[in-house]
Amino acid sequence: MAGSALAAAPKVPAVDQQAMRDTIKTLASDAFEGRGPSTPAEQKTLDEIVKRFKAAGLQPGNNGSWLQDVPMVAITARNPTPLTVTGGAQPLSFTGGNDFVIESYRVVPHTEIKDSELVFVGYGINAPELGWNDYAGINMKGKIAVILVNDPDYMMEGEDGPFRGRRMTWYGRWPYKYEEAARQGAKGALIVHDTFPAAYGWNVLQSNWLQRQNFVQSANDGMDQTEANGWMQKGMAEAIFKAAGKDFAAMVAAAGQKGFKAVPLGVKANVSFDNEFEKSLSHNVIGIQKGTRRPDEVVLYSGHWDHLGHCTPDAKGDGICNGAVDNATGIAALAELAAMNRRAGPAARSQVFLAVTLEESGLLGSEWYAQHPVYPLAKTVGGVNMDALYPTGPSRDLAVTGGDKSDLTAILRGVEKDMNLVETPEDHPERGHYYRSDHFSMAKRGVPMFAVGRGTDLINGGKAAGEAASEDYTRNRYHQPSDEYSDSWDMSGIAQEVELYYRLGRNLADGSAWPNWHAGDEFRAVRDKSLAEGK
């Protein structure tokens, strides 16, 4: 880890549980209508967060303003034609929704792909630090990339493979694959769906991809992206490969080996669809506590303020998804962490508190901040993200999302010891949860971010009680009107989690170390470049 030794364990101010209750109860009340971005409830939500930040002693964090504009665009694909494939042993035609789903990131009224050659690019990965490039030697201009989901070594049980085996990396996530196809100049990208490596069934894609999709606005309306991105059923891919005279299973096996070369399939695809789009504006809230000795160096705390707003009514007719746990708890934690740091006195480094919008729409608020940082990412030491703190008692363990990826692990291990916590393995590392919350927007641009929280081994009730509480929330409250605050909540576990976040962040803020990603990690190169440019 660059820099001097880690900071000494901080003296931890008491967590004000009542203050957190008040914040959660207010933000999750029906008066805030589920905190939908770009709705009349947004301004009320922003005002409340600013009030809490002021009370916690923060200063406006965006050049004298509390707010950062986040322009967004919603795009809905309509009226897709069948996707036809010609040039093979026989012509093929596939139906939208049943066989494939497709959309465009471009803000254009109509998309038409005509006679575009299909090229199998394996897992669609370009990872220079691993000496792996599925696009080596192929010109993708005007062509459609056919891509496998997940990483080449996802079938391994452990994490010893070049792409960490069973644990999914950023290269295995579908957004990366579309981004890389665009960087390679492809006209389109189609990912082959398979339930286990995707971590969800085709029904999820049918449900989500046939609805409107939200994106942050770009200066060129997304014209640097591919014209069309989509998924196709595995059976559709097998039929295309067979018509092209290729053995699908054999080519999948070849794609898992280093040195794989992209294979033009010798067939061409045609498809078209309309795009409805709507532009709007939401906002991030930014507060800062200036550092005393190195104020230009920043430690970042983040959590999303948005939820689903008005949603499908439940059996009682309640149609407001209040988002008490998800994520009024995270905003309450942000405000309380600011207050705790005020009580402790300023740290050596500045501490920035970022309440982001549009997490539920795909991490768009944090993505916009990462694209347009108020504080240079080269001067951002690291940070802590907070999302969905469960109202249960304290635990004996903590869970780390993403595993051991960076120098932050050294800080975490010290805090574990100080708090008498045991680290437990992440459940389902193959699902890539590290890449699905707001910390990731910073991580993929090089900033190491903690993604940790209480485990399920509760002091009162053990794992059985913790797992039952987690299952109850997931099944009966997550993204439902029943995610509501109750005065009966046990706040002691949330307080334990906030103490954890305080210790982690304060260690960074009082120290002088510059954590980096471990050698070979997918984000190491971008961090190295950022730090070099920031000197």
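**Exercise 1.** In which hand of crossing does α8 pass α13?

*Solution.* The model is predicted, so local features need pLDDT of at least 70 and side-chain atom pairs count only at pLDDT 80 or more, while totals for chains, interfaces and linings use all residues. Residues are numbered from 1 along each chain as its sequence is written, and side-chain values use heavy atoms, with hydrogens and water left out.

Begin with the elements: helices (H or I, at least four residues) and strands (E, at least two) are DSSP runs, numbered from the N terminus. α8 passes α13 in a right-handed crossing, a term for the near helix being turned clockwise from the far one, whereas an anticlockwise turn by less than a right angle is left-handed.

Next take the angle, which runs from 0 to 180 degrees between N-to-C directions, with axes fitted as lines to C-alpha atoms, for helices over the stretch in contact. For α8 and α13 the angle is about 55°, and their axes lie 10 Å apart. That makes α8 oblique to α13 (under 35 degrees counts as roughly parallel, over 145 as roughly antiparallel, 65 to 115 as roughly perpendicular, and the rest as oblique).

Finally, look at the contact (heavy atoms within 4.5 Å): residues of α8, including Thr329, Leu337 and Met340, meet residues of α13, among them Ile494, Val498 and Tyr501.

**Exercise 2.** Describe how α1 packs with α8.

*Solution.* Helix α1 (residues 17–27) and helix α8 (residues 324–344) pack at an angle of about 140°, and their axes are 9 Å apart. The two helices are therefore oblique to each other, and α1 passes α8 in a right-handed crossing. On the α1 side the contact includes Ala19, Met20 and Leu27, which meet residues of α8 such as Ala328, Ile331 and Glu336.

**Exercise 3.** In what order do the three strands of the open sheet stand?

*Solution.* The order is β20-β19-β22, with mixed pairing (two strands pair if DSSP finds at least two bridges between them). Since β20 (422–424) and β22 (452–454) stand at the edges, each with a single partner strand, one side of each is left without a neighbour in the sheet. Strand β19 (residues 397–400) pairs with β20 in the parallel sense over three bridges, and aspartate 397 has valine 422 in β20 as its bridge partner. Helix α13 (residues 492–510) packs on the sheet, where it touches β19 and β22, and its direction makes about 150° with that of β22.
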